[in-house]
Amino acid sequence: MGLVDLLMPKMGESIIEATVLKWHKKPGDAVKQDETVLDIATDKVDSEVPSTSEGVMEELLFQENDVVPVGAVIARIRVGSEATSPVPLVPEPQVTENQPPEPVNQIVFQPTRKTSAEPEPEEIPYVPANMPHSIKSEGLRFYSPLVLNIAANEGIQMADLEKITGTGNEGRVTKRDILEFVADRKNGRQDPAIVKSAPTPQVVNTPQPAPAAVAEPIKQTSAAPALTGSPEQKPVYSGNVEIIEMDRMRRYIADHMVRSKSTSAHVTSFSEADVTNLVLWREKNKKEFEKREGEKITFTPLFIEAIVKCLKKYPWLNSSVNGDKIILKKDIHIGMATALPSGNLIVPVIKGADQLNLVGLTKQVNTLANNARNNRLRPDDTQGGTFTFTNVGTFGSLMGTPVINQPQVAILATGAIKKRPVVVETEQGDSIAIRHMMYISMSYDHRIIDGSMGATFVTAVVKELEHFDVNRSF
């Protein structure tokens, strides 16, 4: 009986916020338990948020494209018998013949009655407990798609957008902040944050003006010559160019890659593998495998199988770093880099890869890849990886220098498989033969993985692939 809060769910240990993509319900709509209420997006995946109760949608506390912290109340649902009919905003007083109706304000507003001298309360954006209310962020700032759209429609340049003081979480510019800036600009007023940052050479060695005369310095500091040479000046692009804003996922990927490079000392080792036996085995068994298991077998599960065997021999590659401590992971969870139709990259994780046989690995690889391409991954599907594998050969690359997927310490890449003439050593002597050759590269964190260990691990993977049993079953 009453109102039930719908919270922004926690979708992984490293996820602290999500963006509201679309509301499926509006105030007054009936809501069933476990029915989808809204779609959200994180830096990993897009997800649906179901209702935790059955009733009528009472209130939506955030709009589409708003960035919401995990644990924040995003909506309220009226449940119980009160949900079967519209709920009046103010309870109707009971009236009898001998008793006059009681004033409404004594029933509803008495606890918060104000005098005429008290100011109206200011509307403050919701901020969960233990989180900073107004913090000016340093460096690059994140802007929600809604704020960027308003800025584009109002002709606000990025240099001006960076100077707006944000009142949202971690100093982010909210819809209210940018709309106030637009209103001030239309009314001829200057945003205080921009006025403060603009140079004011004309007041040097001059007494400060009285409060009533502040309009004159504002007019002078807005002149274009005063901004000449400023690092915050709008960039000028020469030639025929097209400017494209990064989408939400690309922004997260860019931040993740730069942070990885600044966190780990990257070193990459290379080797070459003769995978002829593996190629011939797959060619021979792929039709029978699909007929029996109902799954197409690619090279990916075969590569992952070899990686898992080597991680058991060299567990330091299956670890992470926390300050001056090395955290060895006993479970092997392989992240599998997957390209999305948009061109962005996502890394779903095969949990307990060391506990799966080739059939199990194949089914996991196919399921996660299909879910990624069809936007059906769950938040948990991208969490907990201990080592990452990427097949750059899928796109025709011979080799690559992959960037470590933090907080892991290594990532291995396989290149395209090419037929080449190579020297083959036999008991009868050397000969030249056509073999299926593939380059392998691995980037690792030199803080704890030395070159000798990195090269040894890569060599171990090469041996596993080259000694693949062509007579094995699946």
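These legends describe an overall view and several close-ups of a predicted model.

**Figure 1. Overall view of the predicted protein.**
The chain folds into 11 helices and 19 strands. Of its 474 residues, 38% count as buried. The exposed surface comes to about 27700 Å². Carbon and sulfur atoms supply 53% of that area. Among contacts between residues at least 6 apart in sequence, 63% join residues at least 24 apart.

**Figure 2. Helix 9 packs on helix 10.**
Helix 9 covers residues 299–313, and helix 10 covers residues 358–373. Their axes lie 9 Å apart, at an angle of about 125 degrees. An angle over 115 but not over 145 degrees is neither roughly perpendicular nor roughly antiparallel, so helix 9 is oblique to helix 10. The crossing of these two helices is right-handed. Helix 9 contributes Thr300, Pro301, Leu302, Ile304 and Glu305 to the contact. Helix 10 answers with Leu358, Leu361, Thr362 and Val365. By class, the contact residues of helix 9 and helix 10 comprise 6 nonpolar, 2 polar and 1 charged.

**Figure 3. Helix 9 also packs on helix 11.**
Helix 11 spans residues 451–466. The axes of helix 9 and helix 11 are 9 Å apart, and the packing angle is about 130 degrees. This pair is therefore oblique as well. Helix 9 and helix 11 make a right-handed crossing. On the helix 9 side, the contact uses Leu302, Phe303, Ala306, Ile307, Lys309, Cys310, Leu311 and Lys313. On the helix 11 side are Phe457, Ala460, Val461, Glu464 and Leu465. The contact residues of helix 9 and helix 11 split into 10 nonpolar, no polar and 3 charged. Leu302 appears in this contact and also in the contact with helix 10.

**Figure 4. A cis peptide bond precedes proline 407.**
Most peptide bonds are trans. The bond from glutamine 406 to proline 407 is cis, with omega near 5 degrees. Proline 407 sits in the loop between strand 16 (387–391) and strand 17 (410–414).

**Figure 5. Glycine 400 is buried in a loop.**
Glycine 400 belongs to the loop between strand 16 and strand 17. Proline 407 is in the loop between those strands too. The relative accessible area of glycine 400 is 18%. Buried means under 20%, so glycine 400 counts as buried. Leaving aside neighbours within four places in sequence, glycine 400 touches Thr268, Phe270, Val392 and Ser441. Threonine 268 is 132 residues away along the chain. The C-alpha atoms of glycine 400 and threonine 268 are separated by 9.2 Å.

**Figure 6. Aspartate 34 has a positive phi.**
Most residues other than glycine have a negative phi. Aspartate 34 is not a glycine, yet its phi is positive, at about 70 degrees. The residue lies in the loop between strand 3 (30–31) and strand 4 (36–41). Aspartate 34 has 58% relative accessibility and so counts as exposed.

**Figure 7. Asparagine 375 has a positive phi.**
Asparagine 375 is not a glycine either, and its phi is about 60 degrees. Asparagine 375 is placed in the loop between helix 10 and strand 16. Helix 10 is the helix that packs against helix 9 at an angle of about 125 degrees.

Methods
Residues are numbered from 1 along each chain as its sequence is written. This is a predicted model: local features need pLDDT of at least 70, side-chain atom pairs count only at pLDDT 80 or more; totals for chains, interfaces and linings use all residues. Side-chain values use heavy atoms; hydrogens and water are left out. Axes are lines fitted to C-alpha atoms, for helices over the stretch in contact, and angles run from 0 to 180 degrees between N-to-C directions. Helices (H or I, at least four residues) and strands (E, at least two) are DSSP runs, numbered from the N terminus. Angles under 35 degrees count as roughly parallel, over 145 as roughly antiparallel, 65 to 115 as roughly perpendicular and the rest as oblique. A crossing is left-handed if the near helix is turned anticlockwise from the far one by less than a right angle, and right-handed if clockwise. Contact means heavy atoms within 4.5 Å. Ala, Val, Leu, Ile, Met, Phe, Trp, Tyr, Cys and Pro count as nonpolar, Asp, Glu, Lys and Arg as charged, and the others, Gly among them, as polar. Buried means under 20% relative accessible area, exposed over 50%, partly exposed in between (1.4 Å probe, protein chains only). Accessible areas come from the Shrake-Rupley method with a 1.4 Å probe; for residues, only the protein chains shown count as cover.
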